[in-house]
Amino acid sequence: MPRQLGELEDAVMTRVWQWNRPVTVREVLEDLQQERSIAYTTVMTVMDNLHQKGWVRREVDGRAYRYTAVSTRAAYAAALMNEAWSRSDNPAAALVAFFGMMSAEQREALRDAMRIVVPALPEAEVPPGGEAADEAVGEGAGEGAEAADGAESEAGR
């Protein structure tokens, strides 16, 4: 599971993800210098570290390397969310609290994502007619209410 990127690592990866093409240290440096004073060797070290950590791959291009992202920012964000969720002692309460923090736009994005993911489930897990699904919702309702109560208690602290 990936650790959260440091501030400078994130600034570098943001450019690699946004540009979505092989980039050189010099390109990243020149863009970063618009925001801060930073040395070429610092950016080179960060990009080498990102390569060592598996965030970017690199190919030789003359006397330099060209770096390409190994995965997307979305995959990185998903991995961080999954890691945080898996560390919770009450995953249901963590989800309830997380959903409660979402903006209307984020909730709509969640609905859109669920429309994509749910049809992809194996047929055995998505019963025809929804009868078993209704039963499962009824059985889990008490657990969901307890999770919501726990999340509200945590949020109130």
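This passage walks through the main local features of a predicted model, from its nonpolar core to its aromatic pairs.

A good place to begin is the interior. The largest nonpolar core has 22 residues. Within this core, the residues with the most contacts are Val-12, Met-13, Leu-32, Val-43, Met-47 and Leu-50. Two or more core residues come from each of H1, H2, helix H3 (40-52) and E2, and H1 gives the most, with six residues. As general background, nonpolar side chains tend to be buried together in soluble globular proteins.

Met-13 offers a first view of these surroundings. Setting aside residues up to four places away in sequence, Met-13 touches Leu-5, Leu-50, Trp-55, Val-56 and Ala-69. One of these, Leu-50, is also among the residues with the most contacts inside the core. Val-28, placed in helix H2, offers a second view. Val-28 has a relative accessible area of 0% and therefore counts as buried, the limit being under 20%. Beyond its neighbours within four places in sequence, Val-28 is in contact with Val-12, Arg-15, Trp-19, Val-23, Val-43 and Met-47. Val-28 and Met-13 are 15 residues apart in sequence, and their C-alpha atoms are 9.4 Å apart in space.

Helix H1 also holds a charged residue worth a visit, Glu-9. Is Glu-9 buried or exposed? With a relative accessible area of 13%, Glu-9 is buried, because this value is under 20%. The side chain of Glu-9 takes part in a polar contact of 2.5 Å with the side chain of Lys-53. A polar atom of the Glu-9 side chain also lies 2.8 Å from the backbone nitrogen of Gly-6. Not counting residues up to four places away in sequence, Glu-9 touches Val-46, Leu-50 and Lys-53.

Between helix H1 (7-19) and helix H2 (25-32) runs a loop, and Asn-20 is found there. In general, most residues other than glycine have a negative phi. Asn-20 has a positive phi, near 50 degrees, and is not a glycine. The relative accessibility of Asn-20 is 67%, so this residue counts as exposed.

Moving along the chain, strand E1 (residues 56-61) and strand E2 (residues 64-69) pair in the antiparallel sense over six bridges. In one of the pairings, Val-60 has Tyr-65 of E2 as its bridge partner. The two strands form a hairpin with two residues between them. Gly-62, in the turn, has a positive phi of about 70 degrees. Tyr-65 has a further partner: Arg-58 lies over the face of its ring, at 4.1 Å from the ring centre.

Aromatic residues complete the tour. The structure holds four aromatic pairs. Phe-98 and Phe-99 form a tilted pair, with 6.2 Å from centre to centre and 50 degrees between the planes. How accessible are the members of this pair, Phe-98 and Phe-99? Phe-98 has a relative accessible area of 36% and is partly exposed, while Phe-99, at 35% relative accessibility, also counts as partly exposed. Elsewhere, Trp-17, Trp-55 and Tyr-76 form one aromatic cluster. Trp-55 links this part of the picture back to the core residue Met-13, which touches it.

Conventions: Residues are numbered from 1 along each chain as its sequence is written. This is a predicted model: local features need pLDDT of at least 70, side-chain atom pairs count only at pLDDT 80 or more; totals for chains, interfaces and linings use all residues. Side-chain values use heavy atoms; hydrogens and water are left out. Two strands pair if DSSP finds at least two bridges between them. Helices (H or I, at least four residues) and strands (E, at least two) are DSSP runs, numbered from the N terminus. Buried means under 20% relative accessible area, exposed over 50%, partly exposed in between (1.4 Å probe, protein chains only). A polar contact is a pair of N or O atoms within 3.5 Å; within protein, one must be able to donate a hydrogen and the other to accept it, and residues adjacent in sequence count only if both atoms are side-chain atoms. Contact means heavy atoms within 4.5 Å. Rings of Phe, Tyr and Trp (its six-membered ring) pair if their centres lie within 6.5 Å; planes under 30 degrees apart count as stacked, over 60 as edge-to-face and the rest as tilted. A charge sits over a ring if NZ of Lys or CZ of Arg is within 6 Å of the ring centre and within 35 degrees of the ring normal. A nonpolar core is a set of buried Ala, Val, Leu, Ile, Met, Phe, Trp, Tyr and Cys residues joined through side-chain atoms within 4.5 Å.
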